[in-house]
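Visitor: Hi, I'm new to this one and would like a short tour. Could you put it up so we can talk it through?

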Amino acid sequence: MSIHQTARTQYISVNNIEVAYRLFGTPSRVPLLFNQHFRGTMDHWDPLLINTIATTRQVLLFDSYGVGKSSGDVPETFAGWADVAASLLSALSIEVIDVFGFSMGSMAAQMLALNYPSLVRRLVLGGASPSYGRGVVSGPAWTFPKLMDASTPEEYKNAYLSTFYDQVPKKQRLAEEWWARIQERSEDRSPYLGPEQTSRQASAAQKWFSAGNEASGSYDRLGELKMPVLVVNGDEDITVPTENSLVLYKKIKEGNRNCHLHIYPGTGHGFLNEYAEMFGKHLEIFLDMERVI
């Protein structure tokens, strides 16, 4: 079985744009699609998490338009990101998928489930926020610019370690361990996102969190989600504040009794890396149980 560090990168034409993807793991009836965070590529996923999940199911990683090894330009709305994912699934002849979205990827995942509900069997939203609406809050002003402005390998590392993990020595040691793991794939890596495509991703986020764009967001539509949903985060997330995960959960739960919430203690935006093996097992339970309520 291939693992994250060695899985073969493949390419497929999606609406005449070349998209890079990796499909690997244990053959399963329904693969799990991963939607990545701001400026992230296929190679920013933690191998410890991905390989834990790949022991029980197929994993589908991809670089969306304008990201990493893929061509084209980043769409400037999260609905546009969702369109890319849906078109990729169509090109791969995948009719039903489980979906995990993390951080900005969770915003694309919300729109994928809302706009293509017949595609999504189960939905997992990590480090997530609904679009602009009552109760949605902002984190510290420094986090987003630090991620956006990084331009060297050392700046990228510092940006992620400081926004995903607390600054105390114990947490920064865990952050260093995570960063070392995501460097384990030494060949055929996806390149970092440049300034132009980064700005396009930032534009999507600006629209998501701004008044006047409610019609293209998720907030007022979350009651439409009828598939089982799992909302997950750390209890100390400052990058996408934990409070927003609670708002998301409550909004979905208004129309969906199959919405679950799990908050990991003593961790922030990097919860999925700090609790990689446990989170992988929690995903397995949620995705495999016939009843999740």
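Guide: Here it is, and please keep in mind that this is a predicted model.

Visitor: Okay, what about Q5, is it buried or exposed?

Guide: Q5 has a relative accessibility of 19%, and because the cut-off for buried is under 20%, Q5 counts as buried. Its place in the chain is the segment before β1 (10-14).

Visitor: And which residues is Q5 in contact with, leaving aside its neighbours in sequence?

Guide: Beyond the neighbours within four places in sequence, Q5 is in contact with P47, N51, E184 and R185. With E184 there is a polar contact between the two side chains, at 2.7 Å.

Visitor: P47 and N51 are in α1, right, so how many residues of helix α1 are buried?

Guide: Seven of the eight residues of α1, which covers residues 47-54, are buried, so the helix is largely enclosed by the rest of the structure. The buried ones are P47, L49, I50, N51, T52, I53 and A54.

Visitor: What do they pack against?

Guide: The partners are the strands β2 (17-25), β3 (32-35) and β4 (58-63), together with the helices α6 (169-182), α9 (271-274) and α10 (276-288).

Visitor: Which residue caps the N-terminal end of α1?

Guide: That is D46, which has a side-chain oxygen 2.9 Å from the backbone nitrogen of L48.

Visitor: New topic: where is V120?

Guide: V120 belongs to strand β6, residues 120-126, and is buried, with a relative accessible area of 5%. V120 and D98 are 22 residues apart in sequence, yet their C-alpha atoms are 5.7 Å apart in space. Apart from neighbours within four places in sequence, the contacts of V120 are I97, V99, L112, A113 and M227.

Definitions and conventions
Residues are numbered from 1 along each chain as its sequence is written. This is a predicted model: local features need pLDDT of at least 70, side-chain atom pairs count only at pLDDT 80 or more; totals for chains, interfaces and linings use all residues. Side-chain values use heavy atoms; hydrogens and water are left out. Buried means under 20% relative accessible area, exposed over 50%, partly exposed in between (1.4 Å probe, protein chains only). Helices (H or I, at least four residues) and strands (E, at least two) are DSSP runs, numbered from the N terminus. Contact means heavy atoms within 4.5 Å. A polar contact is a pair of N or O atoms within 3.5 Å; within protein, one must be able to donate a hydrogen and the other to accept it, and residues adjacent in sequence count only if both atoms are side-chain atoms.
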